[in-house]
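This report goes through selected features of one structure. It covers single residues, strand pairing and helix packing.

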Amino acid sequence: MVNSIRYFEKECINRFEKLEDEFLKDPTRLAEYIHGITDELHKLGVEMIKESLETMDRMLQESPVRLKNWVVETHSRKQLTTSLGDVTFRKTLFTSKTTGKSEYLLDRILGLDPGERITEDAEAKLLEEAVQSSYRRGGEEVSLTSEVSKQTVMNKIHALNFPKNEEKPEHKKVVDYLYIDADEDHVSLQFREKKGDLTENSNHQKNNSLITKLVYVYEGIENESPKSKRHCLINPYYFSSVNSGEDNQKFWDEIYEYLDNHYDLEKVKKIYVNSDGGGWIKAGMKRIAGATHVLDGFHLEKYLTKLTSHMKDSQTDAEDELRKTIRRKTKTDFVELVEKLEGYITGDTGLTRMEEAKEYILSNWTAARLRLKHQEGVKGSSTEGHVSHVLSDRMSSRPMGWSVKGAAKMAQLRTYYLNGGDMLELVRYQEKKLQPAAGAEYEILSSSQIMESEKNRHGQLGKYMESITHSMPVQNKKIVYFNAHIWGL
């Protein structure tokens with residue numbers, strides 16, 4: 001810290017005094033005063049980081065342990081983008097006496113890949129912004145004083161691996177009902193694996209749509225506050241996937257594992273699955289014993305509207321009659337009522353629409369009946385709103401195109417973020433397979449050993465610490481500046 005203390009004494013103090021002088025001359029410029037101090041503190045912080053890194057590198061050069069196995073090859077400069085700003089420092093390339101291979105030992109001690117240019121804290125800021133807005137904004141927010149490209153942000157996100165929730169509480173929760181809401185978003189693709197690989201059907205339509213699945217588990221619904229009319233989910237936990245087939249089964253197995261780890265399932269009366277009845281959802285429900293499907297209200301009402309939109313002034317009455325039939329009568333009664341409504345329509349287009357709606361409700365008959373009967377424990381679903389909030393807001397509400405990998409990683413990052421995941425922990429979770437240092441038969445000095453050695457050299461700082469005392473020869477001038485404004489009131 002010797003050089004940083006010198007820098008603070010020679011540079012920062014004078015600049016702080018100048019900034020304060022300017023502020024006292026014109027107290028309305030508080031924002032400029034704050035910005036000025038912030039900039040100086042950034043510079044000081046970068047200087048401190050640089051000195052710490054170069055001190056560690058110098059200690060490696062001087063280490064008698066290092067001398068036994070490594071020789072100094074050459075010196076170079078490296079720039080690291082940190083959340084505080086870009087730090088440029090000198091580091092040393094060492095060559096192994098045993099193998100003749102070379103390595104920057106400081107990189108290994110810092111846990112950096114040889115080509116890494118972004119520190120963990122900066123990468124975490126990059127992810128925090130990219131998950132909410134865009135790759136471009138993620139690159140801009142990576143650091144207080146610098147930025148990285150959209151391509152760099154994309155590469156970081158594409159390379160992410162996500163931890164499974166393997167938390168096993170000591171005591172499982174006991175609840176009467178559990179709810180699983182499932183729905184999907186349709187994301188536009190620029191390509192699947194590589195550019196130009198999208199095919200067209202006979203109608204010249206590209207297969208550029210990807211189903212992004214969202215499932216969330218919760219314990220019920222409550223008011224946001226005692227007097228609020230807004231509702232929120234109780235202890236929600238989110239899952240996402242773009243997989244199908246066997247991978248879809250694994251996806252639902254992961255959901256069941258979460259339930260089993262956190263809840264005493266033997267004491268749960270019912271597990272309700274609110275959904276539109278999609279094939280991937282019905283297939284997944286088979287992986288969860290005792291799950292009961294309830295048709296979500298949005299899709300039920302959507303298809304009731306398709307059955308009655310031609311009824312004009314009588315549409316509301318027709319919808320009420322359909323609900324009553326679904327709730328209390330049989331499929332045969334429902335079909336007869338639909339046929340009666342078809343008698344009021346002209347044109348094949350309307351009949352096709354009604355036939356589609358009729359088949360949809362018949363194929364989800366029990367689930368639709370449960371939704372309308374409001375049996376004990378059945379709650380209103382919010383799948384459409386959650387798909388919009390969790391996936392669409394970031395992935396499909398604006399014109400943008402994805403690759404399959406990019407869409408999958410962003411969907412997972414969104415759910416990780418909404419589950420309260422820490423971005424710095426996610427960065428540190430990434431597996432870094434650093435190769436052992438060439439000729440590393442001995443243990444390279446650890447960072448803790450280096451810091452301990454640095455503490456022993458603390459005596460060198462004494463005279464500089466004592467020297468950080470400065471007079472305030474302009475004190476009277478500052479009083480005059482401020483009094484002038486007081487007198488002017």
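## Residues, sheet and helix contacts

Helix α10 contains H299. The model is a predicted one. With a relative accessible area of 8%, H299 is buried, because buried means under 20%. Leaving out residues up to four places away in sequence, H299 touches D183, D276, Y360 and E384.

A second buried residue is N261, whose relative accessible area is 9%. N261 belongs to helix α8, which covers residues 246–262. Which residues does N261 touch, not counting those up to four places away in sequence? They are N165, E167, K168, P169 and K172.

**The five-stranded sheet**

Five strands make up an open sheet with mixed pairing, in the order β8-β5-β4-β9-β10. Its edge strands, each pairing on one side only, are β8 (237–241) and β10 (291–295). On average, and with direction ignored, neighbouring strands of this sheet are turned by 25° against each other. In general, strands of a sheet pair through backbone hydrogen bonds, either parallel or antiparallel.

Within the sheet, β4 (residues 177–188) and β9 (residues 270–275) pair in the parallel sense, over five bridges. One bridge partner pair is I180 with V273, the latter in β9.

Two helices are described against this sheet. Helix α14, residues 365–373, packs on the sheet and touches β9 and β10. The direction of α14 makes about 75° with that of β10. Helix α15, residues 383–395, lies across β4, β5 (209–218), β8 and β9. Relative to β4, helix α15 runs at about 40°.

**The β1–β2 hairpin**

Strands β1 (residues 70–81) and β2 (residues 86–96) are paired in the antiparallel sense, with 11 bridges. V72 has F94 in β2 as its bridge partner. The two strands form a hairpin, with four residues between β1 and β2. In the turn, G85 has a positive phi of about 155°.

**Packing of α5 on α7**

Two packed helices are described by the angle between their axes and the distance between the axes. For helix α5 (residues 120–130) and helix α7 (residues 150–158), the angle is about 95° and the axes are 11 Å apart. The two helices are therefore roughly perpendicular, a term that covers angles of 65 to 115 degrees. On the α5 side the contact consists of E123, L126, L127 and A130, and these meet V153, K156 and I157 in α7. Sorted by class, this contact has five nonpolar residues, two charged residues and no polar residues.

**Loop residues**

N208 sits in the loop between β4 and β5. Is N208 buried or partly exposed? Its relative accessible area is 31%, so N208 is partly exposed. Apart from neighbours within four places in sequence, N208 is in contact with V187, S188, L189 and L198. N208 and F191 are 17 residues apart in sequence, and their C-alpha atoms are 7.1 Å apart in space.

Two residues that are not glycines have a positive phi: N235, at about 50°, and K312, at about 55°. N235 is located in the loop between β7 (231–233) and β8. The loop that holds K312 runs between α10 (297–308) and α11 (315–328). N235 has a relative accessible area of 38% and is partly exposed. K312 reaches 69% and counts as exposed, because exposed means over 50%.

**Cysteines**

How many disulfides are counted? The count is zero, where a disulfide requires a pair of cysteine sulfur atoms within 2.5 Å. Among the cysteines, C12 has 0% relative accessibility and counts as buried, whereas C232 has 25% and counts as partly exposed.

The table lists the accessibility of the residues discussed above.

| Residue | Relative accessible area | Class |
|---|---|---|
| C12 | 0% | buried |
| H299 | 8% | buried |
| N261 | 9% | buried |
| C232 | 25% | partly exposed |
| N208 | 31% | partly exposed |
| N235 | 38% | partly exposed |
| K312 | 69% | exposed |

Methods
Residues numbered from 1 in each chain as written. Predicted model: local features only at pLDDT ≥ 70, side-chain atom pairs only at ≥ 80, totals over all residues. Heavy atoms only, no water. Pairing = 2+ DSSP bridges. Axes fitted to C-alpha atoms, helices over the stretch in contact; angles between N-to-C directions. Contact = heavy atoms within 4.5 Å. Buried < 20%, exposed > 50% of the residue type's maximum accessible area, 1.4 Å probe, protein only. Parallel < 35°, antiparallel > 145°, perpendicular 65-115°, else oblique. Nonpolar A, V, L, I, M, F, W, Y, C, P; charged D, E, K, R; others polar.
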